[in-house]
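Here is a quick tour of a two-chain model. Have the coordinates open as you read.

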Amino acid sequence: MFMEFENVNYTYRGSRVPALQNLTLRIPTGKRCALIGQNGCGKTTLFLLANGLYQPQKGTIRWHDRPLRYDRSSLMQLRQQVGLVFQDPEQQLVASTVEEDISYGLYNLGLPTHEVARRVQQALIEFKLTELAGTPVHHLSLGQKKRVAIADVMVLRPQLLLLDEPTAYLDPRQTRNLLKLLDDIQTTGTTVFIATHDLDFVYCWADWVMVMDQGQLVMEGTPQSVFAQRQIMEDLELGIPTLLELLAKLSDPENDNYAYDQSAIGIEKLQRQILKSLKCL
Amino acid sequence: MNLQIDTFAYTNRLRRLPPESKLLFAIVLLLITYFSTILVQCLIAAWIGIWIIIYAKIPASVYLRLLSVPIVFWLTSLPAFVISFTPLQDLVTITQDAAYGITVFSHFAYISHQGIDQSVRLLSQTIASTSCLYFVLLTVPFTDILQTLRRIGFPVLLTELLLLMYRFIFVLLQIAHELWTAQLCRGGYRTWKLSMNSLGLLIGQLLQRTLDHYHRISQSLESRGGAGEFRVWHSRQYHLPDRYRLESLFGCVTLIGLTGWAYVHGI
């Protein structure tokens with residue numbers, strides 16, 4: 001097993017509600033994993049724990065079947081193998097130009113300058129950042145910053161890439177580009193694990209979905225099987241992807257019990273249109 | 001949110017010149033302004049103006065606006081330099097110096113020749129030396145300055161601090177700008193009293209957010225394996241065309257020559 005959480009508890013200092021409560025979770029190798037759940041369900045905490053930034057107060061986290069160790073060199077190694085892309089790229093970019101920022105993590109690994117130069121140049125090409133190489137970070141757009149933030153982490157060649165809400169604040173075009181980028185990363189053999197609110201994105205992209213609520217894993221499985229549990233998804237107030245909603249509506253046009261969210265009106269319109277065109281055939 | 005000066009530093013035409021050369025050039029000129037006469041100072045100011053506006057292609061309006069800053073400071077100190085007071089009984093001692101004067105109660109207020117002379121000297125020196133400074137600010141990006149500092153063996157701790165400060169000035173500015181816009185939208189600056197209140201809130205919030213930001217940044221530095229030293233790599237390549245090399249060399253020698261000549265002849 002790749003990365004494994006076993007009965008992990010974590011409570012923030014000064015908070016009475018635990019952020020993670022007896023969480024047991026396994027991240028399978030090589031899959032496109034998505035983590036969904038409401039705000040405050042512990043997704044970010046999970047990532048910070050996986051990256052060794054926090055230590056669990058109870059339970060164990062295993063990486064390649066070994067419990068995490070928190071001494072300097074083990075952490076260094078862990079953070080090279082498990083890359084974390086924060087939600088806010090502003091938080092992650094620290095150097096003044098794009099190429100300098102990408103090189104930062106490589107120097108921290110202790111690589112010699114010529115190797116750093118080679119890898120930075122390679123990353124600039126891979127992530128289509130060549131033209132921005134000398135641009136100061138504060139002159140970039142948000143989509144570009146996000147791209148740089150992912151390049152920063154990918155340049156270290158991690159085995160597991162954690163992304164916290166990567167589509168937040170991105171426009172549809174930037175989201176599409178990001179999807180393409182994640183696909184490319186996936187094909188190089190890196191396992192991608194994404195925390196997100198974007199169900200449509202999950203439905204299109206993921207092949208394994210985990211659902212968290214109040215610091216616990218509620219459900220996991222393929223998108224089809226998870227989203228088939230409509231009742232649970234509705235109880236958690238997460239809903240299901242628009243496409244599936246439409247499909248359900250089409251297969252059972254009379255039933256409108258589950259017209260509960262804002263997309264319901266749009267779906268009804270679409271349903272009428274589809275039924276109309278079907279009749280025309 | 002961008003600082004305009006910073007944007008110019010990254011986009012000007014002299015960007016590809018080696019930063020060391022540009023810094024050296026500015027330092028030499030600055031030294032000359034300290035030891036030279038008004039004439040040479042005016043020449044330096046004009047020459048740097050040419051470098052900034054024509055060679056670096058910084059819009060003249062921007063440069064002139066920047067130059068107006070020291071001039072405003074000079075104007076505010078002008079009265080103190082030019083106007084002098086003396087008791088009426090000592091009037092005899094200053095008749096040579098007074099250009100124009102009036103009696104104010106038991107004192108005599110007058111515009112002094114010496115003061116005028118001094119303030120003109122100050123103006124030329126101010127303009128010449130600030131234009132040297134602006135040359136650096138407008139044509140050398142901050143990263144290049146840092147790179148140069150590292151090369152000449154400046155303490156690592158200080159260059160890292162400067163780097164982080166530089167990066168976060170922009171984050172802070174952005175947060176401040178966003179907060180300010182939000183307050184403005186909601187009518188926070190309608191009256192003087194409200195403005196003061198909003199400003200107080202803004203400053204308080206800034207402090208809080210800065211701390212929050214600091215926490216998150218240190219988290220991400222740690223996540224990226226930050227282990228003490230902050231090292232980065234860049235691929236910039238610099239080139240100093242002979243044309244600039246010759247012009248700067250020739251110009252500096254001429255200016256030094258002029259300064260020396262003025263000393264010899266006691267001007």
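## Chain A as a whole

Let's begin with how chain A is wired. Take the contacts between residues at least 6 apart in sequence: 65% of them join residues at least 24 apart. Keep in mind that this is a predicted model. DSSP-style bookkeeping gives chain A 12 helices and 10 strands.

As for overall dimensions, the C-alpha atoms of chain A sit in a box of roughly 70 × 45 × 35 Å along the principal axes. Is the radius of gyration what you'd want for a compact globule of 281 residues? The rule puts such a globule near 19 Å, and chain A comes in at 21 Å, which agrees. Of those 281 residues, 54% are buried.

## Where the two chains meet

On to the interface. Chain A puts 37 residues in contact with 36 residues of chain B. Together the two chains bury about 3,300 Å², with carbon and sulfur atoms accounting for 53% of that. Which residues of chain A lose the most area to chain B? They are A:Gln91, A:Tyr104 and A:His138, and together they make up 21% of what that side buries.

There's polar chemistry here too: 14 residue pairs are in polar contact between chain A and chain B, counting pairs with both residues at pLDDT 80 or more. On the chain A side, the elements that give two or more residues are helix H2 (72-81), helix H3 (89-92), helix H4 (98-108) and helix H5 (113-126). H4(A) supplies the largest share, with 8 residues. Sorted by type, the chain A side splits into 16 nonpolar, 13 polar and 8 charged residues.

The salt-bridge count between the chains is 5. For a concrete pair to click on, try B:Arg216 and A:Asp88, which form a salt bridge with their closest N and O atoms 3.7 Å apart.

## A:Glu90, a buried acid

A:Glu90 deserves a stop of its own. This residue belongs to helix H3 of chain A, one of the helices that give two or more residues to the side touching chain B. Is A:Glu90 buried or exposed? Its relative accessible area is 9%, so A:Glu90 counts as buried, the cut-off being under 20%.

What does A:Glu90 touch, leaving aside residues up to four places away in sequence? Within chain A there is A:Lys145, and from chain B come B:Arg167, B:Val171, B:Gln174, B:His213 and B:Ile217. The side chains of A:Glu90 and A:Lys145 are joined by a polar contact of 2.9 Å.

## Two positive phi angles

Finally, a couple of backbone oddities to check. A:Arg157 has a phi near 55°, a positive value in a residue other than glycine. You'll find A:Arg157 in the loop between helix H6 (142-154) and strand S7 (160-164) of chain A. With a relative accessible area of 44%, A:Arg157 is partly exposed.

Over in chain B, B:Phe105 also isn't a glycine, yet its phi is positive at about 50°. B:Phe105 sits in the loop between strand S2 (98-104) and strand S3 (107-112) of chain B. Is this phenylalanine, B:Phe105, buried or exposed? Its relative accessibility is 79%, so B:Phe105 counts as exposed, the cut-off being over 50%.

Conventions. Residues numbered from 1 in each chain as written. Chains lettered and ligands numbered in written order. Heavy atoms only, no water. Contact = heavy atoms within 4.5 Å. Buried area = accessible area lost by both parts, 1.4 Å probe. Salt bridge = Lys/Arg side-chain N within 4 Å of Asp/Glu carboxyl O. Polar contact = N/O pair within 3.5 Å; in protein donor to acceptor, adjacent residues only side chain to side chain. Helix = DSSP H or I, 4+ residues; strand = E, 2+ residues; numbered from the N terminus. Nonpolar A, V, L, I, M, F, W, Y, C, P; charged D, E, K, R; others polar. Rg over C-alpha atoms; globule rule 2.2 N^0.38 Å. Buried < 20%, exposed > 50% of the residue type's maximum accessible area, 1.4 Å probe, protein only.
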